[in-house]
Amino acid sequence: MTLEIVFWDVQHGSATYIKTPNGKHIVQDLGVGSYEKKDQEFSPLLHLKNKYHVAQLDQVIITHPHKDHINDILNFNALNPRLFSRSINIDVDEISRNIKAEDKKIFDTYFDIHERYNSPVELKNDPRIPENNGGVEIKTFVPLSSYKNINDHSLVTVISYAKSKILISGDNEPPSWKELLTKDDFRDAIKDVDIFLASHHGRESGYCGEIFNYFKPRLTIISDGRFCDTSATDRYSKMTQGWTVYHRKNGQREERKCITTRNDGVIVVKVGYISTSGNPFLNVTID
């Protein structure tokens, strides 16, 4: 039984697909495009529907409503998600400020979905409950302070399975990281994280050294595009242990500390138990 997590190559945005051991389908953030394929219109949601044959998503998690995290939301209804998780602490007027005319349809769709998904999901269908998703524990943490910076309202997700932990952040900057670190349950959840999707795509603005008091990841994933502002990749490398990754194209293996969607393409993490021995495994493939 394997947990599979796919970190898509979506330019400077972010999009993550999670498939639980019993076939639950979860997506966190809705970036679009692909540098590898030179396809700026690539839709992870439609790829899941047409190539992975996913008929329905069990959950969509939006860390925060910036365009690069919701750009694929026009295809949201095609997969009819059961649960829509997002921060409800951000004022709509704040989100609406400075929206470009060409992006209005994207944000109007987000606002419509935000209004529609207000009913609690039935317990038997709730993908956040380990018993419903093959034993995977998924915890989402929400900063609660009234930040002016929308990045600091980003949800943070911690996924635990087979003695491994994956931490998926949004665009959190030091203020929201430091707020979350005041919470006992958050500090407990991030203890000994193995895979870390770096905040704000791996830029300096998202780097918070205090979180590394609680974990030293085996791998850090940087999700920025080729053209970005200051990168904190070197700083993350110093705080990362290193892990063997497999290159699907050439069959080679190498030790890495940071891997990037901008240079390595799609990243696939698989976690589970070896059937013959019952021992846990953690495999990382880059394409």
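Is Glu210 buried, partly exposed or exposed, and what is its relative accessible area? Glu210 is partly exposed, with a relative accessible area of 34%. Here, buried means under 20% relative accessible area, exposed means over 50%, and partly exposed lies in between, computed with a 1.4 Å probe on protein chains only.

Before going further, please keep in mind that this is a predicted model, where local features need pLDDT of at least 70 and side-chain atom pairs count only at pLDDT 80 or more, while totals for chains, interfaces and linings use all residues. Residues are numbered from 1 along each chain as its sequence is written, and side-chain values use heavy atoms, with hydrogens and water left out.

## Charged pairs

Glu210 brings us to the salt bridges. A salt bridge is a side-chain nitrogen of Lys or Arg within 4 Å of a carboxyl oxygen of Asp or Glu. Side chains of opposite charge can pair when their charged atoms come close. The structure holds 17 salt bridges, including those in this table.

| Salt bridge | N to O distance | Relative accessible area |
|---|---|---|
| Arg128 and Asp126 | 2.9 Å | Arg128 37%, Asp126 7% |
| Lys178 and Glu210 | 3.7 Å | Lys178 42%, Glu210 34% |
| Glu179 and Lys183 | 4.0 Å | Glu179 12%, Lys183 25% |

The side chains of Lys178 and Glu210 meet in a salt bridge. This pair links distant parts of the chain: Lys178 sits in helix α5 (residues 174-180) and Glu210 in the loop between β9 (195-197) and β10 (219-222), 32 residues apart. Helices (H or I, at least four residues) and strands (E, at least two) are DSSP runs, numbered from the N terminus.

In the pair of Arg128 and Asp126, Arg128 is partly exposed, whereas Asp126 is buried. Likewise, Glu179 is buried, while its partner Lys183 is partly exposed. Elsewhere, a network of salt bridges links Lys24, Asp58 and Arg82.

## Two open sheets

Now to the strands. Strands of a sheet pair through backbone hydrogen bonds, either parallel or antiparallel. Two strands count as paired if DSSP finds at least two bridges between them.

One open sheet has 9 strands in the order β5-β4-β3-β2-β1-β14-β15-β11-β12, and its pairing is mixed. At its edges are β5 (84-85) and β12 (253-256), each of which pairs on one side only. Within this sheet, strand β1 (residues 2-7) runs antiparallel to strand β14 (residues 267-273), and 6 bridges join them; Phe7 has Ile267 as its bridge partner in β14. Strand β1 is also joined to strand β2 (residues 16-19) by 4 bridges, again antiparallel, and the partner of Val6 in β2 is Tyr17. On to β14 and strand β15 (residues 280-286): they pair in the antiparallel sense over 7 bridges, with Gly272 matched to Phe281 in β15.

Another open sheet is formed by 6 strands in the order β6-β7-β8-β9-β10-β13, also with mixed pairing. Its edges are β6 (137-141) and β13 (258-260); each has a single partner strand, so one side of each is left without a neighbour in the sheet. On average, neighbouring strands of this sheet are turned by 15 degrees against each other, direction ignored; the axes behind such angles are lines fitted to C-alpha atoms, for helices over the stretch in contact, and angles run from 0 to 180 degrees between N-to-C directions. Strand β7 (residues 156-161) pairs with strand β8 (residues 164-168) in the antiparallel sense over 5 bridges, and Ile159 finds its bridge partner in Ile166 of β8.

## Nonpolar cores

A nonpolar core is a set of buried Ala, Val, Leu, Ile, Met, Phe, Trp, Tyr and Cys residues joined through side-chain atoms within 4.5 Å. The largest one has 29 residues, and Trp8, Leu48, Leu57, Phe84 and Tyr110 have the most contacts inside it. Helices α1 (44-50) and α4 (104-116) each supply at least two residues of this core, and α4 gives the most, with 5 residues.

Leu57 is in contact (heavy atoms within 4.5 Å) with several residues beyond four places away in sequence, among them His25, Val27, Leu45 and Leu48. A second, separate core of 26 residues includes Ile18, Ile168, Ile195 and Val245.

## A buried threonine

Finally, meet Thr63, in the loop between β4 (59-61) and α2 (67-70). Thr63 counts as buried because its relative accessibility is 0%. Leaving aside neighbours within four places in sequence, Thr63 is in contact with residues including Gln28, Asp29, His153 and Ser169.
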